[in-house]
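Please work through the exercises below with the sequence and the model side by side. Each task is followed by a solution that goes step by step.

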Amino acid sequence: MSNPLTQYYRVPKLYVKLPSQGRFYPKGMVETTGNGEVPVYPMSALDQITIRTPDALLNGDAMIRVVSHCVPDIKNPKDLVEPDINTLFVAIRVATHGEQMEIATACPSCNHDNNYQVNLSGLLETQELFDQDNHVEFDGTLLIHLRPYNFEQRNLTLLNEITESQAIGQIQNNLNLDDTTKLTSLGKHMTKMAERTFEIVAKSITQITIIKTGVVVEDRAFIEEWLKHIPKSQADVLTQKIAQLNKVGIDPNHTFVCESCNHEWQQPIDFDPTSFFG
Ligand SMILES: [Zn+2]
């Protein structure tokens, strides 16, 4: 017998459009309503415990599990792209805690401690949907097809930053090292960090079309080998384009006005799960 309590489970609190509009996903990964929205449910008590476990946060599995519970119409949340991830984080927070979020921040001009209520539904209403080109062309020879970061790349970036900044901190604070040794070690870590970043970026290249012949290359090993041989100027173009694709969707910048001195400034709202869902 099926559980008669099923109909008394959580109900969806809001419906939201994904900025990607499904553009980077295989057929069937996202089920949307007629107007392209997905229903979003509040976090369960178990979800809220899951995201407070520090280790689970680091490897990102916790957030993937939470998305699969709160947005069940997304079949494979680990393949979600960055703009959709940000939108869903905001939507899940609204579904769970309501649309107001308190942000405490000091005024950069007079240092006064301000407390603000930010309306998160406003961020969802003004989000930008994907309508830009996701290709880069090199001198009429190659057409590179790109997609924004997915969950895996987002987590690898976070891990890379944490590991390297810890390593750099340890070198800087090591009293047994002379300045020359410190500089050499720091240089090595900066190079390692840049290499890892590039490996992460490479995962955003989905295929390369050779324009003259129409041949399409999708083999990961071929693409990665090609990347190692291109000039820095071309690599920079790819990195910048992918960064731009990652930024589609919600604009995290919010304008704050100081209640003490009326100073006005812009500051991004941090969607990092540790602080955002706390
Ligand atoms: Zn002020």
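The exercises that follow concern a predicted model, and they go from the whole chain to single residues.

**Exercise 1. The chain as a whole**

Task: State how many helices and strands the chain has, and describe its extent, burial and contacts.

Solution. Step one is to count the elements, which gives ten helices and ten strands in the chain. Step two is to take the extent along the principal axes, where the C-alpha atoms fill a box of roughly 60 × 55 × 45 Å. Step three is burial: of the 278 residues in the chain, 22% are buried. Step four looks at contacts between residues at least 6 apart in sequence, and 67% of these join residues at least 24 apart.

**Exercise 2. Two domains and the side where they touch**

Task: Give the bounds of the domains, and work out which helix gives the most to the side of domain 1 that touches domain 2.

Solution. Begin with the bounds: domain 1 is made of two stretches, 6–129 and 250–276, while domain 2 covers 135–246. Between the C-alpha centres of domain 1 and domain 2 there are 27 Å. The contact itself involves twelve residues of domain 1 and ten residues of domain 2. On the domain 1 side, α2 (54–59) and α4 (82–97) each supply at least two residues, and α4 gives the most, with three residues. By character, the residues on this side of domain 1 comprise seven nonpolar, two polar and three charged.

**Exercise 3. Checking helix α4**

Task: Explain why the distance between the end C-alpha atoms of α4 agrees with its number of residues, and say whether the helix is mostly covered or hardly covered.

Solution. First, take the rise of 1.5 Å a residue, from which the 16 residues of α4 should span 22 Å. Next, compare this with the model, in which the end C-alpha atoms of α4 are 22 Å apart, so the expected span and the model agree. For coverage, 14 of the 16 residues of α4 are buried, and the helix is therefore described as mostly covered, given that a residue counts as buried if 20 or more other C-beta atoms lie within 10 Å of its own. Finally, look just after α4, where Gly98 takes a positive phi of about 90°.

**Exercise 4. An open sheet and a hairpin**

Task: Find the order of the four strands in the open sheet, and then describe how β9 and β10 pair.

Solution. It helps to recall that strands of a sheet pair through backbone hydrogen bonds, either parallel or antiparallel. The open sheet runs in the order β5-β6-β7-β8, and its pairing is antiparallel. Its edge strands, each pairing on one side only, are β5 (135–138) and β8 (215–217). From one strand to the next, the twist averages 20°. Within the sheet, β6 (residues 142–146) and β7 (residues 205–210) are joined by five bridges, and Leu142 stands opposite Ile210 in β7.

Turning to the hairpin, β9 (residues 253–257) and β10 also pair in the antiparallel sense, over five bridges, with Asn253 opposite Pro268 in β10. Strand β10 (residues 264–268) is hardly covered, since the count of buried residues among its five residues is zero. Six residues lie between the two strands of this hairpin.

**Exercise 5. Three single residues**

Task: Decide whether Asn262, Gln21 and Met193 are each exposed or partly exposed.

Solution. The step needs one cut-off: a residue is exposed if 12 or fewer other C-beta atoms lie within 10 Å of its own, and buried if there are 20 or more, with partly exposed in between.

- Asn262 lies in the loop between β9 and β10, and has a positive phi of about 65° although it is not a glycine. Because Asn262 has 10 C-beta neighbours inside 10 Å, it counts as exposed.
- Gln21 is in the loop between β1 (14–17) and β2 (37–40), and its phi is also positive, near 50°. With 15 other C-beta atoms within 10 Å, Gln21 is partly exposed.
- Met193 belongs to helix α7 (residues 179–202), and its 17 C-beta neighbours inside 10 Å make it partly exposed. Leaving aside residues up to four places away in sequence, Met193 touches Asn160 and Glu164. The C-alpha atom of Met193 is separated by 52 Å from that of Ser2, which is 191 residues away along the chain.

Methods:
Residues numbered from 1 in each chain as written. Predicted model: local features only at pLDDT ≥ 70, side-chain atom pairs only at ≥ 80, totals over all residues. Contact = placed C-beta atoms within 7 Å. Domains from an automatic or database assignment. Nonpolar A, V, L, I, M, F, W, Y, C, P; charged D, E, K, R; others polar. Pairing = 2+ DSSP bridges. Axes fitted to C-alpha atoms, helices over the stretch in contact; angles between N-to-C directions. Expected span 1.5 Å × (residues − 1).
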